[in-house]
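Subject: Handover of the model

Hello,

Here is the model for your files. Please open it alongside this note, and my findings follow below.

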2 protein chains.
Amino acid sequence: MTSQEPLSQKASEILGSAQSLMQDKGYNGFSFRDVAAQVGIKSASIHYHFPTKGDLAKAAVGSYREAFSKLLEDISAQNITPRSQLQKYGDIFMDTLTVKHNACLCGILASEAESLPEDVRHQVDGFFDDQRAWLSAVVEAGIKDGTFRSVIATQQYAITFLSALEGAMIIARSTQKPEILNQTTDQMIGLIDDTAD
Amino acid sequence: MTSQEPLSQKASEILGSAQSLMQDKGYNGFSFRDVAAQVGIKSASIHYHFPTKGDLAKAAVGSYREAFSKLLEDISAQNITPRSQLQKYGDIFMDTLTVKHNACLCGILASEAESLPEDVRHQVDGFFDDQRAWLSAVVEAGIKDGTFRSVIATQQYAITFLSALEGAMIIARSTQKPEILNQTTDQMIGLIDDTAD
DNA sequence: GTCTATATCTTGATAGAC
DNA sequence: GTCTATCAAGATATAGAC
C-alpha cells in the first residue's frame, strides 16, 4: 500500500512511461524498447531499475494506486455532498480519457488478467478493492443523509458503479465517443438519487 | 453483418480457436502457433485461410457477432417479460464467464483498441451497437408496460447496462469472484424496476 | 547507472515442394 | 490445403566494459 524507498529520478521516469504506455496499449502491447525510447535510455538499462517486466508493471500499478488514493483523499477532504463526490470521482475517469487520452490502468490490465504475472494481478485486484472501499463509504453517507435511495445494497452498488465506469471507459475509447463515459456516470448517479425533481 | 461464403471445416475450426484464445488472452496475447496447436495444423497453414492476423481477428469478431445476435433473437422469440429478457441477457455473460471461463470477446478487444487493425476495431464497435440496439428495445418495452421506471433515458440505459456488464465481467474474472457479474446484473435491473416489493 | 553486445526465444509472414 | 524451411523483426533478459 505504501511506497518503500523513494525512487530515483530515472526510476520514476521509467515508471511513469510504463504506466502511460500500459494505459494505452496494455501489458502485452508495450515493450522495454518503447519505454526506453520515451525516457531516452537503452532498453537494457531499464533492467537495472526493474529486473523484469513483471517487476516494472507491478511497481507501476503500485504507484498508480497511491496516486489514485491521493485523489480520493482530496475529494473526501472537500466539504461536498456524496452526490458531488461521486461526480468528482467520475471526473477523474473522464479526465484520464479526454485529457490524457488513456484508459484506466487497472481496467486495461484486468482485461489481460490471464497474461499477467501473479503479483501484478494481485496489485490490480487491490486497486479494485481500494475503489470499492471508498465508493461504498460515499454511498453509505448518501443513504444516511437521505439523498440516495435507501433500498440499494451499498457494497454491491460500489462495485456496480465501478464496473459501469470501467466498462464505459473501454467502450467510449474504442468507439471514440468519450461522452459515453460521463453520460454513464451521470445515469448511474441518477439511478440512486432520491431527490430527483 | 451477414456471412459471405460458407467457411470450410478447417476455417471454422481456426476461427473458433482464435475466438476462444482471444477471449482468454486478447489480440496481443495469442499467436498463430497457439491456434495451430489447438487445431492440429502448422501455423503457416493458417495464412492460407486468413492471410493476416488482422483478417483472422476480424473474421472471429464477425462470427461472434452473428452467434450473439442469434442468442438475442432466441430471447426475443420467447414470450417473457422485459425484465426476464434482461436477466437472460445477463445469463449469457455469466455462462461465458463461469462455464467457458472466458470474457466477452469484444470487451477484451475493445480494451486493446489501440493495438487493433482499424477494421477489427470497427467490427468490435459494431458489436456494441448491436447490443445497444437490442437492449434499448427491451428497456423501451419495459417502460411501456410499466415494469421499468419511466424516467430513465432508454438509449443511455442500454449503454450503461452493457458497460456495467462488460466492466463487471472483467473485474470478476481478474479477482476470481464470478458472483460479481451476476450480482451486478441483478442490481442494474433492480435499479430500474418499478415493481419492487 | 548506462552502455554495447549478445543470447535466446517468439512473432507474423512468405516461398515453394507436395 | 498443408507441409517444410526460412526469414526478418521484435521481444525479454544477461554479461561485462565504462
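Buried area, as used here, is the accessible area (1.4 Å probe) that two parts lose on being put together, summed over both. By that definition, about 3500 Å² is buried between chain A and chain B. Carbon and sulfur atoms give 56% of that area. Please keep in mind that this is a predicted model.

The protein interface

The contact takes 41 residues from chain A and 41 residues from chain B. Across it, 19 residue pairs are in polar contact, both partners being at pLDDT 80 or more. The salt-bridge count between chain A and chain B is 0.

Which elements build the chain A side? Those giving two or more residues to it are helix H1 (9–25), helix H6 (105–111), helix H7 (118–144), helix H8 (154–175) and helix H9 (179–192) of chain A. H8(A) gives the largest share, 15 residues. By class, the side of chain A that touches chain B holds 18 nonpolar, 15 polar and 8 charged residues.

Symmetry

A turn of 180° lays chain A on chain B. The shift along the axis is 0.0 Å, and the RMSD is 0.0 Å. That is the relation of a two-fold axis. The same surface serves both copies: of the contact residues of chain A, 100% recur in chain B.

DNA strand C

There are 16 residues around DNA strand C. Those that come nearest are Lys42(A), Ser45(A), His49(A), Phe32(B) and Lys53(B). Both chains are therefore named in that list. Of the strand C atoms within 4 Å of the protein, 62% belong to sugar or phosphate, and the rest to bases.

Two side chains of chain A reach phosphate oxygens of DNA strand C. For Ser45(A), a polar side-chain atom lies 2.7 Å from one. For His49(A), the distance from a polar side-chain atom is 2.6 Å. Chain B supplies a base contact: an N or O atom in the side chain of Arg33(B) is 3.2 Å from a base nitrogen of DNA strand C.

Three helices each supply at least two residues of this surface: helix H3 (43–49) of chain A, and helix H2 (32–39) and helix H3 (43–49) of chain B. H3(A) gives the most, with 4 residues. The residues of the surface near DNA strand C divide into 6 nonpolar, 6 polar and 4 charged.

DNA strand D

DNA strand D is surrounded by 16 residues. The closest are Arg33(A), Lys42(B), Ser45(B), Tyr48(B) and His49(B). Sugar and phosphate make up 63% of the strand D atoms that come within 4 Å of the protein.

Which residues contact phosphate oxygens of DNA strand D? Ser31(A) is one of them, with a polar side-chain atom 3.0 Å away. Ser45(B) has a polar side-chain atom 2.7 Å from a phosphate oxygen. Lys42(B) uses its backbone: a polar backbone atom is 2.7 Å from a phosphate oxygen of DNA strand D.

Helix H2 (32–39) and H3 of chain A, together with H3 of chain B, each give two or more residues to the surface near DNA strand D. H3(B) has the largest share, 4 residues. By class, the residues of this surface are 6 nonpolar, 6 polar and 4 charged.

Best wishes

Definitions and conventions
Residues numbered from 1 in each chain as written. Chains lettered and ligands numbered in written order. Predicted model: local features only at pLDDT ≥ 70, side-chain atom pairs only at ≥ 80, totals over all residues. Heavy atoms only, no water. Least-squares fit on C-alpha atoms with pLDDT ≥ 70 in both. Contact = heavy atoms within 4.5 Å. Near = heavy atom within 4 Å. Polar contact = N/O pair within 3.5 Å; in protein donor to acceptor, adjacent residues only side chain to side chain. Nonpolar A, V, L, I, M, F, W, Y, C, P; charged D, E, K, R; others polar. Salt bridge = Lys/Arg side-chain N within 4 Å of Asp/Glu carboxyl O.
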